[in-house]
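User: Please take a close look at one part of this structure, its salt bridges and the places where they sit. I am new to this structure, so a patient, connected account would suit me best.

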Amino acid sequence: MNRPTPPSAIPVLLALVFLPAAASSADAPVRAFEITASRFEFQPEKIEVQEGDLVKLTLHSADTTHGFAIPELKVKVKIPKGGAPVTAEFVASTPGTYTIKCSEYCGPGHKKMLGKLVVTGRAQ
């Protein structure tokens with residue numbers, strides 16, 4: 001049995017229909033970067049994006065196996081030797097400066113293999 005919608009519910013139903021959808025990562029601006037890992041550096045060493053950007057990285061190694069990790073953003077990828085590209089995607093959700101680390105032991109300079117991700121806030 002179908003009951004008619006009470007008149008008091010109509011404004012609520014209309015409001016739900018016309019509410020804007022929350023921004024999703026599909027709506028986020030995309031920032032793409034190619035990064036080369038080699039003993040004992042990332043090139044480029046610094047990546048700059050804005051809050052809310054979808055970051056797409058294409059990573060490859062120029063020599064041996066490396067890793068690419070941004071622990072605070074839960075990003076971690078193994079980069080195989082031989083130059084085969086791997087990808088990583090994430091949303092730069094919080095402004096700040098984050099340390100990029102090599103997460104696979106690659107030799108005596110491994111601990112010094114660092115980079116930076118700088119996420120700037122968006123103007124309101």
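Analyst:
**Salt bridges and their setting**

Lys-46 has a relative accessible area of 48% and is partly exposed, where buried means under 20% relative accessible area, exposed means over 50%, and partly exposed lies in between, with a 1.4 Å probe and protein chains only. This is a predicted model, in which local features need pLDDT of at least 70 and side-chain atom pairs count only at pLDDT 80 or more, while totals for chains, interfaces and linings use all residues. Residues are numbered from 1 along each chain as its sequence is written, and side-chain values use heavy atoms, with hydrogens and water left out.

The partner of Lys-46 in a salt bridge is Glu-48, with 3.8 Å between the closest N and O atoms; the term stands for a side-chain nitrogen of Lys or Arg within 4 Å of a carboxyl oxygen of Asp or Glu. Glu-48 is partly exposed too, at 45% relative accessibility. Side chains of opposite charge can pair when their charged atoms come close. Across the whole structure, the search finds three salt bridges.

Another of them joins Arg-122 to Asp-53, whose closest N and O atoms lie 2.3 Å apart. This pair links distant parts of the chain, 69 residues apart, since Arg-122 belongs to the segment after strand E9 (114-120) and Asp-53 to the loop between strand E3 (46-50) and strand E4 (54-61). Helices (H or I, at least four residues) and strands (E, at least two) are DSSP runs, numbered from the N terminus. The two partners differ in their surroundings: Asp-53 is buried at 3% relative accessibility, whereas Arg-122 is partly exposed at 31%.

The remaining salt bridge pairs Glu-89 with Lys-56, and here the closest N and O atoms are 3.9 Å apart. It also spans distant parts of the chain, as Glu-89 lies in strand E7 (residues 86-91) and Lys-56 in strand E4, 33 residues apart. Glu-89 is exposed, with 52% relative accessible area, while Lys-56, at 33%, is partly exposed.

The strands that carry this last pair are themselves neighbours in a sheet-like pairing, for E4 and E7 run antiparallel and are joined by six bridges; strands are said to pair if DSSP finds at least two bridges between them. Within this pairing, Leu-54 has Val-91 in E7 as its bridge partner. E4 also pairs with strand E1 (residues 30-38), in the parallel sense and over eight bridges, and there Thr-36 has His-60 in E4 as its bridge partner.

For the wider setting, the chain contains one helix and nine strands, and along the sequence these follow the pattern α-β-β-β-β-β-β-β-β-β. The chain has 124 residues, 32% of which are buried. Where contacts (heavy atoms within 4.5 Å) join residues at least 6 apart in sequence, 62% of them join residues at least 24 apart.

Disulfides, meaning pairs of cysteine sulfur atoms within 2.5 Å, do not add to these links, as the search of the whole structure finds zero. Cys-102 is in no disulfide, and its nearest cysteine sulfur, that of Cys-106, is 3.9 Å away. Cys-102 is buried at 7% relative accessible area, and Cys-106 is buried as well, at 5%.
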